[in-house]
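Here are a few exercises to work through at your own pace. Have your viewer ready, and try each task before reading its solution.

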Amino acid sequence: MFGVKAGSCLIVVALSISVVACNRQQIARRLDFNQDVQPILASRCFSCHGPDPEMRKAGLRLDLAEWAMKKRDGHRDAIVPGHPEKSELVKRIESKDPHYLMPQTAQDEAKPMSAYEIAILREWIKQGAVYRPHWAFEAPIRPAIPHNTGGDPWVKNPIDGFILAKLEKEGLQPSPETDKPTMSILSTGCLPSLPSANSARAIGSTTPDTLILTACIMTTAGTFGPTATT
Ligand code: HEC
């Protein structure tokens, strides 16, 4: 009898572990601090663990690496690079206990993050919790062009290469190319400054050169955005 009970208990334990594993979102790419991590920390944590010493809670500051990883007497390590399971930060954001869970509201109420946000912070710590300075202070690095011209016929210049790569990532197909008259109407609507009837006449020939010329005239005229056209 005991054996049966022990057996059923084991099954229950095994099931609950698999449920936890299924609920956890996986991120399978190299994360970029500025693009992926900083926006989450800034919107979710900095109000209480950011630069403002008046508002800071538990002496924990998460916006600078040296502070976030500093040993604090009587406190567990918030971030242990490479070890999400040893990091108090991860325990706090994954906790099911509303008194322990982070982030909180100013009224001390639990305010859980999305599964995606939790997975990003966990994965970032797993990848070494690398902080980077604001992108404006970093030397730009030219990225590899994902699709070169001469490969996919849709790609006519390097910018198309990046667009196609993003479409593929989202599982989308490029739309068919718009005909020239529609394109002229769209461009006059977006960049008004010439009266639309005049611009339609001006680009009546709808050759690519005329289109580019019209767009140039409109942008250099100094007006931007969808204001009223006559
Ligand atoms: C509205 C305020 C508030 C926000 C927002 C907030 N926290 Fe906290 N946090 C606290 C308070 C208060 C404590 C101390 C009480 C406690 O330990 O629960 C704390 C404690 C912690 C601790 C334990 C610190 C220690 O060493 O004792 C960690 C880790 C932590 N927060 C992580 C986070 C993370 C990560 C976020 C964002 C996802 C976050 N917190 C957002 C208020 C906040």
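**Exercise 1.** Find which residue with a positive phi follows α7, and check the length of the helix.

*Solution.* Glycine 171 follows α7, and its phi is positive, near 70°. Helices here are DSSP runs of H or I with at least four residues, numbered from the N terminus. This is a predicted model, in which local features need pLDDT of at least 70 and side-chain atom pairs count only at pLDDT 80 or more, while totals for chains, interfaces and linings use all residues. Residue numbers start from 1 along each chain as its sequence is written.

Next, the length: α7 covers residues 158–169, twelve residues. The expected span is 1.5 Å times one less than the number of residues. That gives 16 Å, which agrees with the 17 Å between the end C-alpha atoms.

**Exercise 2.** Describe the shell around the ligand.

*Solution.* Start with the residues that come nearest: of the 20 around the ligand, these are Cys45, Cys48, His75, Met102 and Pro103 (the C-beta atom, placed from the backbone, must lie within 6 Å). Then look at the elements: α3 (46–49) and α5 (88–94) each give two or more residues, and the largest share, four residues, comes from α5.

**Exercise 3.** Which residues have the most contacts inside the largest nonpolar core?

*Solution.* A core joins buried Ala, Val, Leu, Ile, Met, Phe, Trp, Tyr and Cys residues through C-beta atoms within 7 Å; buried means 20 or more other C-beta atoms within 10 Å of a residue's own, placed from the backbone. Leu89, Leu121, Trp124 and Ile125 lead in this 16-residue core. α6 gives the most to this core, four residues.

Key:
Nonpolar A, V, L, I, M, F, W, Y, C, P; charged D, E, K, R; others polar. Buried ≥ 20, exposed ≤ 12 C-beta atoms within 10 Å, placed from the backbone.
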